[in-house]
Amino acid sequence: MTVQVWPHISPEELQIKAAESLDRELQWTIQETMSLCHELKHGIEDCYALLAPIDPGSTLVMSTHRNEKVKGTITRVGTRITLSLQLRTLPAQQIALSPMEPIHIPSLDAVFTNLTQSIDLLGLLLDGSPTPSADSIASALAALAECLAESAELLKGSTSSDPDPAWQTASCPAHHFSPPLPPHVSFYVTVQESSIVLWLRALEPADAPVHFGTKLGLAIGTVRRLEHDEMGAQFRFDPDGDGSCEPKRGLGAVRASSGRDNMETVFVREKVRIESADPSLISLYSKLGFLSHMLGQARHNLAAVMGVELDT
């Protein structure tokens, strides 16, 4: 069976008609893509609002599982947290953050930056006159897809079962706490599976003398060290942090450029993990997944009409 055009036209005219048809299809696809970009912009603005620094923020319960070694609350305002904890592993010790020194979570700061850039990019794309070319739209959508994918990965966090070594340099320094954090305590906050995760570690200098009674108790079995996956290993710990939990302008920049080296060699005597799911972050992760799916379909449609290979 053959397909023929009737009435009969010359091959040259057929080629012209095919090019015109392809151009109309491309223009229609561009219009549909631009309409979709309006929806994407509104969706990303909703995601942006979930991280906006608006009081009262999200108040979450922080408590160790099946016991009350650590208990308290955490309030996330934007990308910052304020915290009040009572540690039973330290005698009569409470830890509270100074209201003047909020802690920034680096991964949430990065997500906030990505969403800001995505909104700005879509604003430039939609406010342009005349209508952007297909190549310009494709380039903008590729950059947008990269921002959304990176944001989703940051909210998901590491899936490795190995301990995160970032605590050695990214723990929060003492000036964030009022009263100051006790010496040789690592306070490290991160995000995993759209949850706020706090790691507390009680540290011991590697060169600290061991009391004779402790040595004797360890030898005869009356004293036992707490068992965990970092027990017995030496670590290089920076009590001043690397500036990642500081505001982008301020102490973080000073700390990064100061060149100080206050690293200490320590053992981890005890470590505690506390996790609290944040409804706003869970909603944000779901919205990013939906928007990424919409964006992926638009990119595939545009690439098919342009006759190019989509780089994913």
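In the predicted model, Arg76 forms a salt bridge with Asp278, and the closest N and O atoms of this pair are 2.6 Å apart. Arg76 belongs to strand β2 (residues 70-77), whereas Asp278 lies in the loop between β9 (264-277) and α7 (279-306), so the pair ties together parts that are 202 residues apart in sequence. Both Arg76 and Asp278 are buried.

The Arg76–Asp278 pair belongs to a set of three salt bridges in the structure. Another of these links Lys41 with Glu45, with a separation of 2.7 Å between the closest N and O atoms. Lys41 and Glu45 are both located in helix α1 (residues 11-51); because they are four residues apart, about one helical turn separates them. Lys41 has a relative accessible area of 21% and is therefore partly exposed, since the buried class is confined to values under 20%. Glu45, at 30% relative accessibility, is likewise classed as partly exposed. A further salt bridge joins Arg273 to Glu275, where the closest N and O atoms are 2.8 Å apart. Arg273 is partly exposed, its relative accessibility being 34%, and Glu275 is also partly exposed, with a relative accessible area of 39%.

A buried position was also examined in helix α2 (residues 106-127), which contains Asn114. The relative accessibility of Asn114 is 6%, and this residue therefore counts as buried, the limit for that class being under 20%. When neighbours within four places in sequence are left aside, the contacts of Asn114 are with Cys147, Glu150, Ser151 and Leu154.

With regard to internal space, the structure contains one cavity of 30 Å³ or more. The largest cavity encloses about 50 Å³ of space. Its lining consists of Ile103, His104, Ile105, Pro106, Ala170, Cys172, Tyr188, Val189, Ser244 and Cys245. Strands β5 (103-104) and β6 (185-192) each contribute at least two residues to this lining. In terms of residue class, the lining of the largest cavity comprises eight nonpolar and two polar residues, with no charged residue present.

Methods: Residues numbered from 1 in each chain as written. Predicted model: local features only at pLDDT ≥ 70, side-chain atom pairs only at ≥ 80, totals over all residues. Heavy atoms only, no water. Buried < 20%, exposed > 50% of the residue type's maximum accessible area, 1.4 Å probe, protein only. Contact = heavy atoms within 4.5 Å. Salt bridge = Lys/Arg side-chain N within 4 Å of Asp/Glu carboxyl O. 1 Å grid on protein atoms, 1.4 Å probe; cavity = no way out; pocket = protein on both sides within 12 Å on 5 of 7 lines; lining within 4 Å. Points joined across faces, edges and corners; volume = space filled by probe spheres on them. Nonpolar A, V, L, I, M, F, W, Y, C, P; charged D, E, K, R; others polar.
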